Amino acid sequence: MFDFDFDHEQPGTLAEAVTLLERSAPGGRIIAGGTDLLPNMRVDVLRPTTLISLSRIEPESPRRDAAGAIRIDALTRLAAIAESPFIGEELPLLAESARAVGGNQIRHMGTLGGNLCQDTRCLYLNQRHDYQFVAPCHKRGGTICYPFPQNKPDTCWSVYMSDVAPALIALDAEVETVGGKGARRLSVEALFTGSGLTPLGIDRDEIISAVVVPPQPGGARFGYHKSARRGGLEFAMAVIAARLRIAEDGKSCMNARIAMGAVRERPLRMPAAERMLSGAVLNEASIGAAVAAALDELKPLPHHGYIKSDIVDNVRVYLRRVLERAAGGKNGQVGSA
Ligand SMILES: Cc1cc2nc3c(=O)[nH]c(=O)nc-3n(C[C@H](O)[C@H](O)[C@H](O)COP(=O)(O)OP(=O)(O)OC[C@H]3O[C@@H](n4cnc5c(N)ncnc54)[C@H](O)[C@@H]3O)c2cc1C
Ligand code: SF4
């Protein structure tokens, strides 16, 4: 399957995994479900010298902590999140996003941490280089970018495709990590660098141990939509997740968080659209103005055969529907546009 050798370790704890990562630097790599890592090894994007498998570590069940936040072990399989009655009840937006990932087999193998840490994608990158290309691209350490020949070596416009990250950002979630420098907590939004070359902003010896979703504010309502070519079983054309906090009058929006995925090298917030909605009475005009503001600030990258205008047209339609669903949905319920 691979034309190179590597060692395989199976630590029993995350602390041991961190030690093994440090010891095997720079070629050591965590493998969780392997559904992103192994295909990348197969097409030679990655050549780890040691795979440090987390498969012997049993994830803790999702639970509410003393502060009212919901803690989900990063090793939790996406299927467990999608099917959990607890997550379905408490965080329907997250459950919906986990259900959107790939097919059943991928959700049963893929983990929450692996989903967040998946590499960015581009049609060139996700196939074997020796198949039809001469020089390696910037992300493979070369001097050319096939889809964007004008790009300088420090620029790679591969796209971050997680279906789950936008939902976690709309929920204002954080991740906890353990690593050589100790433990820390950072927002999901801060995980990403915005560079296609090195999309993740955590250290090589840092492992995400948990996702922590804070208690959702009163009046929070949600909307989510993933567009994909066949409607599912594959990566997105665009992902939209929104949380609107509705005032007691049931009509005005106190605060909005909107996150989009599969449009750039990282998941994006839509600050201008969020500002338009915050304090506004939710109706056709205010939602239309927010969509227009989002389209103004959105600069999508063409990817996987979708040209820019396809993506813009898609967002024009589905952002409106997501916001309408969130505005009109029952309290706490996710509206799938
Ligand atoms: C056919 C197919 C369809 C897919 N469809 C989708 C889709 O629709 N939507 C989508 O979002 N994804 C999709 N994926 C990508 C992938 O399967 C999922 O993102 C999955 O959740 C990855 O999780 P994993 O545990 O398998 O990650 P792995 O492959 O084990 O790891 C991925 C990366 O994250 C790192 N990593 C893993 N866990 C941690 C951790 N806890 N802390 C730090 N780093 C870590 C690894 O070192 C590796 O670099 C698809 C993949 C395939 C093969
Ligand atoms: S967009 Fe990035 S990954 Fe794709 S060919 Fe260009 S440099 Fe390589």
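In the predicted model, strand E1 (residues 7-9) pairs with strand E3 (residues 50-53) in the parallel sense, over 3 bridges. Within this pairing, His-8 stands opposite Leu-51 of E3. Strand E3 is also paired with strand E2 (residues 28-31), again in the parallel sense and over 4 bridges. Here Arg-29 is the residue that stands opposite Leu-51 in E3. Between E2 and E3 the chain passes through helix H2 (residues 37-42), and the resulting β-α-β crossover is right-handed.

Ligand 1 is surrounded by 30 residues, of which Gly-33, Gly-110, Gly-113, Gly-114 and Cys-117 come nearest. Two or more residues of this shell are contributed by each of E2, H2, helix H6 (104-109), helix H7 (112-116) and strand E8 (207-213). Strand E2 and helix H2, which belong to the crossover leading to E3, are thus also represented around ligand 1. The composition of the shell by class is 15 nonpolar, 11 polar and 4 charged residues. Because residues of both domain 1 (7-53) and domain 2 (65-117 + 159-213) enter the shell, ligand 1 lies between the two domains.

The surroundings of ligand 2 comprise 14 residues. The closest of these are Cys-122, Cys-137, His-138, Cys-145 and Cys-156. Classified by residue type, the shell around ligand 2 contains 10 nonpolar, 3 polar and 1 charged residues.

Notes. Residues numbered from 1 in each chain as written. Chains lettered and ligands numbered in written order. Predicted model: local features only at pLDDT ≥ 70, side-chain atom pairs only at ≥ 80, totals over all residues. Pairing = 2+ DSSP bridges. Right-handed = clockwise from strand over helix to strand, strands pointing away. Near = placed C-beta within 6 Å. Nonpolar A, V, L, I, M, F, W, Y, C, P; charged D, E, K, R; others polar. Domains from an automatic or database assignment.
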